Amino acid sequence: GFAVGDVLSGTAACKVQLYKGAAELTLLTSTTEGLSDATGGSVTPEVKAISALGGINTGAPVTINSVQFDGEYLSDGANSIKPYNSLFAYEALENGKYYNVTGIYQQFGNTTKEILPRSAADIEEVAIPTAVIALDDVVLEVGQNTTLSATVTPAVAASAEVSYSILDGDSYISLAGAALTANAVGTAHVRATVADNLPSYYGATKDITVTVNAVSKTYAMTGWR
């Protein structure tokens with residue numbers, strides 16, 4: 001009869017047992033004598049925000065941010081975490097998406113890490129931004145060189161390393177890191193890449209055209225006789 005998230009107060013007879021490493025109080029119902037729903041109760045456990053689950057967090061309410069769901073587990077980049085969903089009915093997590101999850105952390109067995117959310121409100125979907133690369137096409141003459149310089153947004157990705165590679169036309173240009181050299185007349189294509197840095201942002205690519213022209217000739221003009 002009680003709802004998940006209720007604050008209960010009073011004294012009642014109950015049974016204490018262990019289930020999957022967690023202590024449970026059973027035989028409690030909404031009609032249990034001496035126990036009542038104390039909405040707005042004063043007991044609010046401190047929730048600690050962490051970047052990865054570890055043994056030090058066992059039994060504590062924690063929030064772990066930007067973990068990805070793979071269809072069965074949440075991943076913090078180092079651990080696979082089982083969202084223990086028998087405690088309540090929450091909307092289905094979607095494969096590939098990222099979430100902030102609050103719950104009680106526990107270890108089950110030797111390898112399985114579990115987080116026990118208290119209600120659907122403890123699971124929040126996180127929107128991960130996609131990096132955008134701004135880089136203009138390049139026009140050079142044979143023998144000229146330039147340094148490619150891309151701008152990356154949003155701010156969370158602005159300091160990301162950009163790598164460059166030749167997609168086609170390597171007989172017309174050469175690349176050494178971001179240094180581009182024009183070797184022969186023709187058209188080539190270069191790709192700029194920012195790798196994923198999840199859970200901060202998704203990676204991105206940007207393709208540009210490099211046009212190499214012949215060297216311009218300058219003619220000296222002499223006076224007419």
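Let's start with threonine 63, which counts as buried because its relative accessibility is 15%, below the 20% cut-off for that label. This is a predicted model, and threonine 63 sits in strand E6, which spans residues 61-69. Its side chain makes a polar contact of 2.7 Å with the side chain of threonine 102. From there, here is a friendly tour of the rest of the protein.

**The overall picture**
- The protein has 20 strands and zero helices.
- Of its 225 residues, 30% count as buried.
- Among contacts in the protein with a separation of 6 or more, 58% are between residues 24 or more positions apart.
- The accessible surface comes to about 13800 Å², and carbon and sulfur atoms account for 51% of that area.

**Strand E10 and its partners**
- Strand E10 covers residues 112-116, and four of its five residues are buried, so the rest of the structure largely encloses this strand.
- Strand E8 (residues 80-83) pairs with E10 in the parallel sense, over three bridges.
- Within that part of the fold, isoleucine 81 has lysine 113 of E10 as its bridge partner.
- Strand E9 (residues 98-108) runs antiparallel to E10, and five bridges join the two.
- Isoleucine 115 in E10 stands opposite tyrosine 105.

**The nonpolar cores**
- As background, nonpolar side chains in soluble globular proteins tend to be buried together.
- The largest nonpolar core here holds 24 residues, and the members that touch the most others are Tyr164, Val194 and Val210.
- At least two residues of this core come from each of strand E13 (138-141), strand E16 (162-168), strand E18 (179-182), strand E19 (186-194) and strand E20 (204-213).
- A second core, separate from the largest one, has twelve residues, including Val67, Phe69, Ile81 and Leu93.
- Ile81 therefore appears in two places in this briefing: as a member of the second core and as the bridge partner of lysine 113, in a strand pairing whose E10 side is largely enclosed because four of its five residues are buried.

**A closer look at valine 194**
- Valine 194 is one of the three members that touch the most others in the largest core.
- Setting aside neighbours within four places in sequence, valine 194 is in contact with Ala131, Ile133, Val152, Ala160, Glu161, Val162, Tyr201, Gly203 and Ala204.

How values were computed
Residues are numbered from 1 along each chain as its sequence is written. This is a predicted model: local features need pLDDT of at least 70, side-chain atom pairs count only at pLDDT 80 or more; totals for chains, interfaces and linings use all residues. Side-chain values use heavy atoms; hydrogens and water are left out. A nonpolar core is a set of buried Ala, Val, Leu, Ile, Met, Phe, Trp, Tyr and Cys residues joined through side-chain atoms within 4.5 Å. Buried means under 20% relative accessible area, exposed over 50%, partly exposed in between (1.4 Å probe, protein chains only). Contact means heavy atoms within 4.5 Å. Two strands pair if DSSP finds at least two bridges between them. A polar contact is a pair of N or O atoms within 3.5 Å; within protein, one must be able to donate a hydrogen and the other to accept it, and residues adjacent in sequence count only if both atoms are side-chain atoms. Accessible areas come from the Shrake-Rupley method with a 1.4 Å probe; for residues, only the protein chains shown count as cover.
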